[in-house]
Amino acid sequence: MKTVENTKDTAVIFLNSETENFSDFIIEKTRAVHTFWIKEICQVTLSSAIARGTGISGRSPKLLESKIIKGEAIIAFAADGRWAGFSFISSWENDSYVSNSGLIVAPEFRHTGLAKRIKRKIFELSREKYPNAKIFSLTTGSAVMKMNHELDFRPVTYSELPKDDLFWENCKTCVNCPILISKERKNCLCTAMLYNPKESSNCSVVS
């Protein structure tokens, strides 16, 4: 399997590469070396939130660093070594729930099918680390909703989501947070979707 050297010097070389082969992505569970890409992940996430004007809550570099080092995230690179995408997982209420969060793809690699591949990988990682947990997603994006549906997620009311205050704290950086607060966390513009391993036929974990 092809590997990516993520030192600062090699990253500069990769970023100047003229290779445009988008069909061969390297998608893997994160390791400590991948913390090099945190700044770019945060910048792209912020710019995407501003461009869309809705539905993307920010994540601190410290949180992403923790997820990356613990191997609770998926990262993707293009064949020439450029960072291409990212997503991470978090567990809630004594590992009863797991969220798939922060799915982001670099602008030059959108519309290549990469988001769907990352979504599949982060779902598999969630099932591997927390096989009995319910997996949930909050999104305003129709593309994410479609991917969730293909993985046997179903739309649910907010009452079926974790009650953990720390989880809802993450919504404070989203532009829609005032709506969430006014609805007493019972509703918002995001659609809540849930995967329950006890109810789903999609219960296998692909290595």
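Visitor: Which hand does the crossing of α4 and α5 have?
Guide: Welcome! Bear in mind that this is a predicted model. Look for helix α4 and helix α5, and follow how one crosses the other. The crossing of these two helices is right-handed.

Visitor: What word describes how α4 lies to α5: parallel, perpendicular or oblique?
Guide: Two packed helices are described by the angle between their axes and the distance between the axes. Here α4 (residues 114–129) and α5 (residues 142–150) have axes 10 Å apart and pack at an angle of about 45 degrees. Angles under 35 degrees would be roughly parallel and 65 to 115 roughly perpendicular, so α4 is, relative to α5, oblique.

Visitor: How many charged residues are in the contact of α4 with α5?
Guide: From α4 come Ala-115, Lys-116 and Lys-119, and they meet Met-147, Asn-148 and Glu-150 of α5. Sorted by class, this contact holds two nonpolar residues and one polar residue, and the number of charged ones is three.

Visitor: Which strands are at the edges of the sheet?
Guide: The open sheet has seven strands with mixed pairing, in the order β1-β2-β3-β4-β5-β7-β6. An edge strand pairs on one side only, and that fits β1 (26–29) and β6 (154–156).

Visitor: What does the twist average from one strand to the next?
Guide: Stay with that open sheet, and step along the order β1-β2-β3-β4-β5-β7-β6. From one strand to the next, the twist averages 25 degrees.

Visitor: Do β4 and β5 run parallel or antiparallel, and what is the bridge partner of Val-98?
Guide: Strands of a sheet pair through backbone hydrogen bonds, either parallel or antiparallel. Strand β4 (residues 97–105) and strand β5 (residues 134–139) are joined by three bridges and run parallel. Within β5, the bridge partner of Val-98 is Ile-135.

Visitor: Which hand does the β-α-β unit of β4, α4 and β5 have?
Guide: We have already met both strands, which run parallel. Helix α4 also lies across several strands, including β4, to which it runs at about 155 degrees. Together, β4, α4 and β5 make a unit that is right-handed.

Visitor: What is the bridge partner of Thr-139 in β7?
Guide: Five bridges join β5 to strand β7 (residues 191–195), and these two run antiparallel. In β7, the partner of Thr-139 is Thr-191.

Visitor: Which residue of β4 does Gly-85 stand opposite?
Guide: Strand β3 (residues 83–92) runs antiparallel to β4, and seven bridges join the two. Opposite Gly-85, in β4, stands Val-105.

How values were computed. Residues are numbered from 1 along each chain as its sequence is written. This is a predicted model: local features need pLDDT of at least 70, side-chain atom pairs count only at pLDDT 80 or more; totals for chains, interfaces and linings use all residues. Side-chain values use heavy atoms; hydrogens and water are left out. Two strands pair if DSSP finds at least two bridges between them. Helices (H or I, at least four residues) and strands (E, at least two) are DSSP runs, numbered from the N terminus. A crossover is right-handed if, with the strands pointing away from the viewer, the path from the first strand over the helix to the second runs clockwise. Axes are lines fitted to C-alpha atoms, for helices over the stretch in contact, and angles run from 0 to 180 degrees between N-to-C directions. Contact means heavy atoms within 4.5 Å. Angles under 35 degrees count as roughly parallel, over 145 as roughly antiparallel, 65 to 115 as roughly perpendicular and the rest as oblique. A crossing is left-handed if the near helix is turned anticlockwise from the far one by less than a right angle, and right-handed if clockwise. Ala, Val, Leu, Ile, Met, Phe, Trp, Tyr, Cys and Pro count as nonpolar, Asp, Glu, Lys and Arg as charged, and the others, Gly among them, as polar.
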